Amino acid sequence: MFKGSIFDEVIKIKRKKMLIAVIIGIIGIIVGSSYTYYRMTHFNKNVEINGINVGGLNKKQATKKLKSKSVSNDVYLNNKLFYSGKKTVSGFSSKDQPKIQKLLKKQWTFWPSKKSVSYKAIPSKMGNYRQREIRNAVAEKLKSENKKREKAVDAKAVLRDGKVGVDKAQKGNQYDIALILKSFNKQKYEQNVYLKGKIAQPLSAKSKTVKHEKKMLEKLAAKKVEYTVQNTKYDFDAKQVLNEATYANGNYQISQTGINKKIDEINKAQATLGKSINFKTHAGKSVTVASGGTYGWAIKNSDAIARIISAFKKNGTTTQLNAKSDIYGTGYLTYGTGYDNTTNEGIGNSYAEVSISDQHLWIYKDGKEIVSTNVVTGKTSTNEDTPKGLWYVMYKESPSVLKGSESGSENYSVKVNYWAQFTNSGCGFHDASWRTNWASNAYLNDGSGGCVNTPVSQMKSVYDNLSQAEAVVVY
């Protein structure tokens, strides 16, 4: 009986302990579940969303706090206020709870964490004030600041005076606006924007870009343009005529100075426009015909330079060009006259010759005299002399009405059967049926208003044997 009672007591004690253990377990489960639930529904202590601390809050509380906060929109550069924006609403609403929930799950840790964590969330009602106005204002202010600062200079390859080298980079202190604004873009939803004043760095001489530039300039230096002017060829060797050239963004930038100088030399040697000439008259006498007339051609520097530079940029080592596409003239025919004439001082063997002292006109075709006639030129006593110089037949017209003025007649209008103008001032060959004085000295006091009056009987032959653009030599 005694023993049995002890056994029963032991059983009772064990059962009591088990019950306590079960109760403790149940309490533990409840506490653990409650703790886990809390941890899963509340943010850790140092968690921020768009710069706003939401530590210890659940999604509703966090959303409410985010919704209630305004955004300052101040911009700091190197921790100093750079631009002050106006305050705006955060843009958060109850619709943003799913976003907050996702961040809640993302930050969850079983044990409480004091680690600082910063998240970004796009508010459902976020305006574009920061990206549109503040970003533009910051960009403009950075540009303004850069005007006070030294700009960095990139290293670049240069072909200079026949040699390819590299100009070293030079550091500056201007802001790298693009890089700074890239950082700005990442802070669209923060309370304020904190930027670092990144400095624009120049391109290094060792960069792939500069190495490629050097390679392309070495190819350019090996090129040549053969430029033919009439029967003469000129070599434009890149190493000799390109004072300076660079290569950037897939294009050559070539200085015109050296090319321009060589074109000037060619014009001086060969061009005929505006130059005086030594002319052999019908009688075999050599006379100097004054410069300043319209006959002749010259190379237009701008056209020639453009074509030569374009040729240098093409593939291949040698390009051939003819200057005929680059010539120009003055007067009625602006494309130039006599380029194909390489004999007789550039006027060729077909031309008209007018002697003021002889009061005579001769016309030559292929070196042969075709027409010979007395004429009357401009009146000397009233300074209406036919202009001396080297001209060309601008155009022909039959019949024609001549209008103008001369001494003794302010305005006249007269019909002629044939007209061939050769000066800009309106002088030309024409028949003069009204003239009665054809004496060799008539021009002194009874000459024309500047034209070459030709007898009616000879004018058709003169007209038929004059060709547009042919030289007219008046001496």
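The following questions and answers go through a predicted model, from its nonpolar cores to its strands, loops and aromatic pairs.

Reader: Which residues touch the most other members of the largest nonpolar core?
Author: The largest nonpolar core holds 36 residues, and helix 9 (residues 301-313) supplies the largest share of this core, with six residues. Apart from it lies another core, of 24 residues, which has Y418, F429, Y463 and V472 among its members. Within the largest core, the residues that touch the most other members are Y227, F236, I259 and F312.

Reader: With which residues is F236 in contact, leaving aside its neighbours within four places in sequence?
Author: F236 belongs to the residues that touch the most other members of the largest nonpolar core. Once the neighbours within four places in sequence are left aside, the contacts of F236 are K223, K224, V225, Y227, V241, I259, K262, I263, I266, I308 and F312.

Reader: Why do the buried residues of helix 2 lie on the same side of that helix, and how wide is the arc they cover?
Author: Helix 2 spans residues 59-68, and its buried residues are A62, T63 and L66. Because the arc that they cover around the axis is so restricted, they are put on the same side of helix 2, and this arc is only 100 degrees.

Reader: Which exposed residues does the face of helix 2 turned away from its buried side carry?
Author: The buried residues of helix 2 are covered by elements that include strand 1 (47-49), strand 2 (52-53) and helix 3 (97-107). On the face turned away from the buried side, helix 2 carries the exposed residues K60, K64, K67 and S68.

Reader: How far is a side-chain oxygen of N58 from the backbone nitrogen of K60?
Author: The two atoms come together at the start of helix 2, and K60 is also among the exposed residues on the face turned away from the buried side of this helix. The side-chain oxygen of N58 reaches the backbone nitrogen of K60 to within 3.1 Å.

Reader: Is N453 buried or exposed, and what is its relative accessible area?
Author: N453 has its place in strand 29 (residues 452-454), and, not counting residues up to four places away in sequence, N453 touches V375, V376, H430, A432, R435, W438 and S448. Buried means under 20% relative accessible area, and N453 is therefore buried, at 2%.

Reader: Which side chains make polar contacts with the side chain of N453?
Author: One polar contact, of 3.0 Å, joins the side chain of N453 to that of R435. Another polar contact, of 3.3 Å, links the side chain of N453 with the side chain of H430. The partners are thus R435 and H430.

Reader: In which sense does strand 28 pair with strand 27, and in which sense does it run with strand 29?
Author: Strand 28 (residues 428-431) is covered on both faces, with G428 and H430 buried on one side and F429 and D431 buried on the other. Strand 27 and strand 28 form a hairpin with six residues between them, and in strand 28 the bridge partner of Q421 is G428. Towards strand 29, D431 stands opposite T454. Three bridges make the pairing with strand 27 antiparallel, while the three bridges to strand 29 join strands that run parallel.

Reader: What is the omega of the peptide bond from S398 to P399?
Author: P399 lies in the loop between strand 24 (395-397) and strand 25 (400-406). The peptide bond from S398 to P399 is cis, and its omega is near -10 degrees.

Reader: What is the phi of D161, and what is that of D366?
Author: D161 sits in the loop between strand 8 (156-160) and strand 9 (163-167), where it counts as exposed at 58% relative accessibility. D366 is in the loop between strand 21 (360-365) and strand 22 (368-374), and it counts as exposed at 67% relative accessibility. Neither is a glycine, yet phi is positive, at about 50 degrees for D161 and near 50 degrees for D366.

Reader: How many residues apart in sequence are the parts that the pair of Y76 and Y194 ties together?
Author: A search of the whole structure finds 13 aromatic pairs. Y76 and Y194 form a stacked pair, with 4.9 Å centre to centre and 10 degrees between the planes. Since Y76 lies in strand 4 (residues 75-77) and Y194 in strand 10 (residues 193-195), the pair ties together parts whose separation in sequence is 118 residues.

Notes
Residues are numbered from 1 along each chain as its sequence is written. This is a predicted model: local features need pLDDT of at least 70, side-chain atom pairs count only at pLDDT 80 or more; totals for chains, interfaces and linings use all residues. Side-chain values use heavy atoms; hydrogens and water are left out. A nonpolar core is a set of buried Ala, Val, Leu, Ile, Met, Phe, Trp, Tyr and Cys residues joined through side-chain atoms within 4.5 Å. Buried means under 20% relative accessible area, exposed over 50%, partly exposed in between (1.4 Å probe, protein chains only). Helices (H or I, at least four residues) and strands (E, at least two) are DSSP runs, numbered from the N terminus. Contact means heavy atoms within 4.5 Å. The arc is that of the directions from the helix axis to the C-beta atoms. A polar contact is a pair of N or O atoms within 3.5 Å; within protein, one must be able to donate a hydrogen and the other to accept it, and residues adjacent in sequence count only if both atoms are side-chain atoms. Two strands pair if DSSP finds at least two bridges between them. Rings of Phe, Tyr and Trp (its six-membered ring) pair if their centres lie within 6.5 Å; planes under 30 degrees apart count as stacked, over 60 as edge-to-face and the rest as tilted.
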